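Thanks for sharing this one. Here are my notes, in numbered points, to read alongside the model.

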Amino acid sequence: MAQIVSADEAVSRIPDGAVVVVVPMPSEEVYPAFYRLFSRNGSPRDLTVIWSAGLGPFSTERKGMNHFGYPGMVKRFIAGHVGLNYEVVSMIA
């Protein structure tokens, strides 16, 4: 049966080392929850994050895929385009 849960509750159900496929919407509702939980609990960590489009901005502003730009949170990125994701590009470099 389907459940409606908060972004934090949804992310808290993701185990360490999981593969997460993300889409452009609703990025600013769900993506910040990854860092909120990671900074609080150190989990989820070592994620493989997959996406097909680069969701900017190309700056240090924490929007779009930059929400995943924290060492320890992501082990691997599989992406169609990372050029708009400054924090992610910095981690890869």
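1. Let me start with Tyr86, which in this predicted model is partly exposed, with a relative accessible area of 32%. Its place is in helix α3, which covers residues 86-92. Tyr86 also belongs to a nonpolar patch on the surface, where its partners are Phe58 and Leu84. Together the three residues have about 280 Å² of accessible area. The value for Tyr86 fits with that membership, because patch residues need over 30% relative accessible area and Tyr86 has 32%.

2. Helix α3 holds another residue to look at, Met91. Met91 is partly exposed as well, its relative accessible area being 27%. By the cut-offs used here, that label applies because 27% lies between the 20% limit for buried and the 50% limit for exposed. If you would like a long-range pair to display, take Met91 and Ile14: they are 77 residues apart in sequence, and their C-alpha atoms are 22 Å apart in space.

3. Now the sheet. It is open and has three strands in the order β1-β2-β3, with parallel pairing. The edges are formed by β1 (19-21) and β3 (74-79), each of which pairs on one side only. From one strand to the next, the twist averages 20 degrees.

4. How many bridges join β2 to β3? There are five, and the two strands run parallel, with β2 made up of residues 47-51. For a concrete pair to find on screen, Trp51 has Ala79 in β3 as its bridge partner.

5. The loop between β2 and β3 contains His67. Is this residue buried or exposed? His67 counts as buried, at 6% relative accessibility, because the limit for that class is under 20%. Its side chain has a polar contact to show: the His67 side chain reaches the backbone oxygen of Arg62 at 3.2 Å.

6. Helix α2 spans residues 27-41 and includes Phe34. Phe34 is buried, with a relative accessible area of 3%. In sequence, Phe34 and Arg45 are 11 residues apart, and the C-alpha to C-alpha distance between them is 9.4 Å.

7. On charges, side chains of opposite charge can pair when their charged atoms come close. The structure holds six salt bridges, and one of them joins the side chains of Arg36 and Asp8 at 2.5 Å, N to O. Arg36 lies in helix α2 and Asp8 in helix α1 (residues 7-12), so this pair ties together parts that are 28 residues apart in sequence. Both partners are partly exposed: Arg36 has a relative accessible area of 34%, and Asp8 has 22%.

8. Asp8 has a further partner in Arg40, with the closest N and O atoms 3.9 Å apart. This pair also links distant parts of the chain, since Asp8 is in helix α1 and Arg40 in helix α2, 32 residues apart. The pair counts as a salt bridge because 3.9 Å is within the 4 Å cut-off. Arg40 counts as exposed, at 54% relative accessibility. Asp8, Arg36 and Arg40 are thus worth viewing together, as they are linked in a network of salt bridges.

9. Another salt bridge is that of Glu9 with Arg13, where the closest N and O atoms are 2.9 Å apart. Glu9 counts as partly exposed at 33% relative accessibility. Arg13 is also partly exposed, with a relative accessible area of 48%.

10. Finally, please have a look at the backbone in the loop between α2 and β2, where Pro44 lies. Most residues other than glycine have a negative phi, and most peptide bonds are trans. Here the peptide bond from Ser43 to Pro44 is cis, with omega near 5 degrees. Asp46 is found in the loop between α2 and β2 too, and although Asp46 is not a glycine, its phi is positive, at about 55 degrees. Asp46 counts as partly exposed, at 35% relative accessibility.

Notes
Residues numbered from 1 in each chain as written. Predicted model: local features only at pLDDT ≥ 70, side-chain atom pairs only at ≥ 80, totals over all residues. Heavy atoms only, no water. Patch = residues over 30% accessible without salt bridge, like charges linked within 9 Å, V, L, I, M, F, W, Y side chains within 5 Å. Areas by Shrake-Rupley, 256 points an atom, 1.4 Å probe, with all protein chains shown as cover. Helix = DSSP H or I, 4+ residues; strand = E, 2+ residues; numbered from the N terminus. Buried < 20%, exposed > 50% of the residue type's maximum accessible area, 1.4 Å probe, protein only. Pairing = 2+ DSSP bridges. Axes fitted to C-alpha atoms, helices over the stretch in contact; angles between N-to-C directions. Polar contact = N/O pair within 3.5 Å; in protein donor to acceptor, adjacent residues only side chain to side chain.
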